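Welcome, and take a moment to turn the model around before reading on. We will start with one pair of residues and work outward from there.

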Amino acid sequence: QVQLVESGGGLVQTGGSLTLSCKFSGRTAAGRTFAGYIVGWFRQAPGKEREFVAHMTWSRRTFYADSVKGRFTISRDNVNDTTFLQMNDLKPEDTATYYCAATLYTGVPYISAANYDNWGQGTQVTVSS
């Protein structure tokens, strides 16, 4: 069974930075480990739908939402089974609960939350103006 645990959220002023971490534990019944997963970050603001932020494939290819491109960086550490989201130049509109997700599905749009079957509990990021 796979578990994801996020950390690193908090309160920051406009223009500030935060780094979120997501620790992966466990493996599938087939013995797949973190290194084989596609990892993604999503966020959800109050009253809004969950939206895609960034993803990284097992081969470290990345893709970002236009709203965060150039400010956020996704990375992964396959030795410590952790994915990171470095967030710079934060804006009030970045305020949301941030979720990490992982999937083994291939050939699907990784910008869609429906294609991830493992989720963390979320960590709150609040950017004050």
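**A walk through the strands**

Let us begin at a spot where two strands meet: Ser-75 stands opposite Phe-84 in strand 8. Keep in mind along the way that this is a predicted model. Strand 7 and strand 8 (residues 82-87) run antiparallel and are joined by six bridges.

These two strands belong to a bigger arrangement. Strands 1, 3, 8 and 7, in that order, make up an open sheet of four strands with antiparallel pairing. Its edges are formed by strand 1 (3-7) and strand 7 (72-77), each of which pairs on one side only. On average, neighbouring strands of this sheet are turned by 15° against each other, with direction ignored.

Now step back and take in the whole chain. How many helices and strands does its secondary structure hold? There are zero helices and 11 strands, so a reading along the sequence gives the pattern β-β-β-β-β-β-β-β-β-β-β. The radius of gyration is 14 Å, close to the 14 Å that the globule rule gives for 129 residues, and therefore the chain is as compact as a globular protein of that length. Taken along the principal axes, the C-alpha atoms fill a box of roughly 45 × 25 × 25 Å. Of the 129 residues, 42% are buried. Among contacts in the chain with a separation of 6 or more, 57% are between residues 24 or more positions apart.

Strand 11 (residues 123-128) is a good place to stop next, and it has partners to follow. Strand 2 (residues 10-13) runs parallel to strand 11, and four bridges join them. Here Leu-11 stands opposite Thr-126. Strand 9 pairs with strand 11 too, in the antiparallel sense and over three bridges, and in this pairing Tyr-98 stands opposite Thr-123.

Which side chains of strand 11 point to the buried face? Thr-123, Val-125 and Val-127 point to one face and are buried, whereas Gln-124, Thr-126 and Ser-128 point to the other face and are not buried. The side chains thus alternate along the strand. Put this together with the pairings: Thr-123, opposite Tyr-98, is on the buried face, while Thr-126, opposite Leu-11, is on the other one.

Strand 9 also brings us to a covalent link. The structure holds one disulfide, and this bond joins Cys-22 to Cys-100 with an S to S distance of 1.9 Å. It links distant parts of the chain, since Cys-22 is in strand 3 and Cys-100 is in strand 9 (residues 96-103), 78 residues apart. The link is right-handed, with 50° about the S-S bond. Are its two cysteines buried or exposed? Both Cys-22 and Cys-100 are buried.

From Cys-100 we can move on to Asn-118, as the two are in contact. Asn-118 sits in strand 10 (residues 118-119). Leaving aside neighbours within four places in sequence, Asn-118 also touches Val-2, Leu-4, Tyr-37, Ala-101 and Ala-102. Its side chain makes a polar contact of 2.9 Å with the side chain of Asp-117. Why does Asn-118 count as buried? Its relative accessible area is 14%, and buried means under 20%.

Tyr-37 then leads to Thr-28. Thr-28 touches Tyr-37 and Leu-104, not counting residues up to four places away in sequence. This threonine lies in the loop between strand 3 (18-25) and strand 4 (38-44). Thr-28 counts as partly exposed because its relative accessibility is 23%, which falls between the limits of 20% and 50%. Thr-28 and Asn-118 are 90 residues apart along the chain, and their C-alpha atoms are separated by 11 Å.

Our last stop is Lys-91, in the loop between strand 8 and strand 9. With a relative accessible area of 31%, Lys-91 is partly exposed. Beyond its neighbours within four places in sequence, Lys-91 is in contact with Arg-71 and Val-127; the latter is one of the buried residues of strand 11. Lys-91 and His-55 are 36 residues apart in sequence, with 20 Å between them in space, C-alpha to C-alpha.

Technical notes: Residues are numbered from 1 along each chain as its sequence is written. This is a predicted model: local features need pLDDT of at least 70, side-chain atom pairs count only at pLDDT 80 or more; totals for chains, interfaces and linings use all residues. Side-chain values use heavy atoms; hydrogens and water are left out. Buried means under 20% relative accessible area, exposed over 50%, partly exposed in between (1.4 Å probe, protein chains only). A polar contact is a pair of N or O atoms within 3.5 Å; within protein, one must be able to donate a hydrogen and the other to accept it, and residues adjacent in sequence count only if both atoms are side-chain atoms. Contact means heavy atoms within 4.5 Å. A disulfide is a pair of cysteine sulfur atoms within 2.5 Å. Two strands pair if DSSP finds at least two bridges between them. Axes are lines fitted to C-alpha atoms, for helices over the stretch in contact, and angles run from 0 to 180 degrees between N-to-C directions. The radius of gyration is taken over C-alpha atoms; the globule rule is 2.2 Å times the number of residues to the power 0.38.
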